[in-house]
Amino acid sequence: MKLGQLGHVYPVVNQTQCVDCKLCQKVCPALNGVDLHYPLSAYAAWAKKLDEYKSSTSGGVASVLSRYIISIGGVVYGCSVLPNVQIKHVRVDSEDGLAALKGSKYVQSSITDILPLLKQDVANGLPVLLISTPCQIAAVSKMFKSIPPNLFLVDIICHGTPSNDFLRAYLAKRLKLDLHKITNISFRSENAFSLTVYDRKQLLWKGSNLWSDRYNDVYYDSFIDGFTYRQSCYTCRYAQPNRCSDITIGDFWGLKNGNELPAHPYGVSVVLPVTSRGKLLLQHVSGDLNLFERPIQEAIDGNEQLRIPKKMNWRISSFRKCWGWYPAYFWYHLFVFDKMLLFRVKRMIKKYLRKGLAWFDY
Ligand SMILES: Cc1cc2nc3c(=O)[nH]c(=O)nc-3n(C[C@H](O)[C@H](O)[C@H](O)COP(=O)(O)OP(=O)(O)OC[C@H]3O[C@@H](n4cnc5c(N)ncnc54)[C@H](O)[C@@H]3O)c2cc1C
Ligand code: SF4
Ligand code: SF4
């Protein structure tokens, strides 16, 4: 693997050692694709346990599924923040260990280390759950002739991943944080979208909330605007209604008449069982979830990445061409300058209007 554009890792064949057996081509999901299936049904869901619900990214479905697999003696593979801000998938075999997997890390997670462990666990007959981006799920599927009955695959709806290298550089150079001190990074807490960095319980950094205070956190802003994804994300074959896993989970952005459902103040997950095995797994955890069936089309209409990949535009391509000459934040701000200005002017007008209205109240 080699670092490529924007710090993402790309596979490179060592021509001096390659014996041209073509095995890598046979298992490559990018060359061969994997079977995709339209979801069987759609649900709006959130965890019944309040602490599990509050501490999760959307509705905590990933957490509920993981707990179930551990409770039947299985293992879970998910994304964790390892020392020195290495974002990697890890193997978890106890309920205590699941805390490290909680929360979306908006960065590419390395799955290289877990692949042999996962294969061994599957061969040993353990119930195995992998929660990952669709492209990683596809890669793991290709390791097997057919998906073994004890392997459960859950993909998270994904609009793209910045590189681990960019995140590390941002924390160290822009925020001047010591990477060795960082033990956890959170990208979302309750309903706020903000980058928060911890040394155990001690807060090292709290970025501004993306929606109320835009253009103050280049890592998050450039992620949301789709500037820093891996090149493959702009043509992602998994950003569509047909899915490559047993269950797809994500945020239920397009939920209609959500106020007719019981209160769900900390977000709501969309859950799309795709295979009969996925449907059965969901039935097993249904007692731990508030689960409401919705039209499949409602989920698809509300979530762009269930329809199409992120579109490349002139701003993104110009930013990518300039990458490496100056710090990324310089180029990002340059290519969104008009949007940034408009946002600030609008905010100023709103502020003065609010002040004016308050004055009339007296
Ligand atoms: C890079 C990325 C982009 C996303 N884009 C969208 C989107 O466009 N639309 C949408 O609806 N939802 C998106 N999501 C999913 C969403 O943010 C939640 O992760 C999802 O709804 C699960 O929430 P939860 O409350 O059930 O899980 P939580 O309890 O918060 O757990 C999150 C789960 O996701 C896994 N995970 C976390 N980070 C990564 C990562 N970097 N790579 C692989 N697996 C990871 C963890 O192992 C864990 O199992 C994205 C997530 C990521 C990581
Ligand atoms: S798997 Fe075979 S073809 Fe692929 S890089 Fe290795 S030796 Fe070469
Ligand atoms: S957008 Fe597609 S290619 Fe990019 S990380 Fe997500 S699933 Fe993989």
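Which residue in β12 is the bridge partner of A44? In this predicted model, the bridge partner of A44 in β12 is V270. The pairing belongs to an open sheet of eight strands, arranged in the order β5-β4-β6-β7-β11-β12-β3-β13 and with mixed pairing. The edges of the sheet are occupied by β5 (86–92) and β13 (289–294); each of these has a single partner strand, so one side of each is left without a neighbour in the sheet. On average, and with direction ignored, neighbouring strands of this sheet are turned by 25° against each other.

Strand β12 (residues 269–273) is joined to strand β3 (residues 42–47) by three bridges in the antiparallel sense. Besides the pairing of A44 with V270, A45 stands opposite S269 in β12. Strand β11 (residues 247–251) also runs antiparallel to β12, and five bridges join these two strands. Here the bridge partner of D251 is again a residue of β12, namely S269. Strand β12 is largely enclosed by the rest of the structure, because five of its five residues are buried. In a regular strand, side chains alternate between the two faces of the sheet. In β12, S269, V271 and P273 point one way, whereas V270 and L272 point the other way, and all are buried.

Towards the β5 edge of the order, strand β4 (75–82) is likewise mostly covered, with seven of its eight residues buried. Pairing between β4 and β6 (128–132) is parallel and extends over three bridges; V75 has V128 as its bridge partner in β6. Pairing between β4 and β5, by contrast, is antiparallel and extends over seven bridges, and the bridge partner of G78 in β5 is V90. These two strands, β4 and β5, form a hairpin with three residues between them, and N84 in the turn has a positive phi of about 65°.

A separate description applies to the open sheet of three strands, in which the order is β8-β9-β10 and the pairing is antiparallel. Strands β8 (184–189) and β10 (202–206) stand at its edges with a single partner strand each, so one side of each is left without a neighbour in the sheet. Neighbouring strands of this sheet are turned by 30° against each other on average, direction ignored. Strand β9 (residues 192–199) is joined to β10 by four bridges, and T196 has K206 as its bridge partner in β10.

In soluble globular proteins, nonpolar side chains tend to be buried together. The largest nonpolar core of the model has 58 residues, and those with the most contacts inside it are L65, L129, L130, V154 and V271. Helix α4 (residues 61–71) gives the largest share of this core, seven residues. Apart from this core lies another, of 28 residues, among them V107, L167, Y170 and L195. Within the larger core, L129 was examined in detail: once its neighbours within four places in sequence are left aside, L129 is in contact with L65, S66, I69, G74, V76, F152 and V154. V271, listed among the core residues with the most contacts, is also one of the buried residues of β12.

Three ligand shells were examined. Around ligand 1 there are 32 residues, of which S56, T57, A62, G78 and G250 come nearest. The elements giving two or more residues to this shell are α4, β4, β6 and β11. By class, the shell of ligand 1 divides into eleven nonpolar, 18 polar and three charged residues. G78 thus appears both in the ligand 1 shell and in the β4 to β5 pairing, opposite V90.

Ligand 2 is surrounded by V13, C18, V19, D20, C21, K22, L23 and C24. This shell has six nonpolar and two charged residues, and no polar ones.

Around ligand 3 there are 13 residues, and P134, C135, C158, C233 and C236 come nearest. Seven residues of this shell are nonpolar, five are polar and one is charged. C135 is found in helix α6 (residues 134–141). With 21 other C-beta atoms within 10 Å, C135 is buried, since the criterion for burial is 20 or more. Leaving aside its neighbours within four places in sequence, C135 is in contact with C236 and Y238. C135 and V122 are 13 residues apart in sequence, and their C-alpha atoms are 20 Å apart in space.

How values were computed:
Residues numbered from 1 in each chain as written. Chains lettered and ligands numbered in written order. Predicted model: local features only at pLDDT ≥ 70, side-chain atom pairs only at ≥ 80, totals over all residues. Near = placed C-beta within 6 Å. Nonpolar A, V, L, I, M, F, W, Y, C, P; charged D, E, K, R; others polar. Pairing = 2+ DSSP bridges. Axes fitted to C-alpha atoms, helices over the stretch in contact; angles between N-to-C directions. Buried ≥ 20, exposed ≤ 12 C-beta atoms within 10 Å, placed from the backbone. Core = buried A, V, L, I, M, F, W, Y, C linked by C-beta atoms within 7 Å. Contact = placed C-beta atoms within 7 Å.
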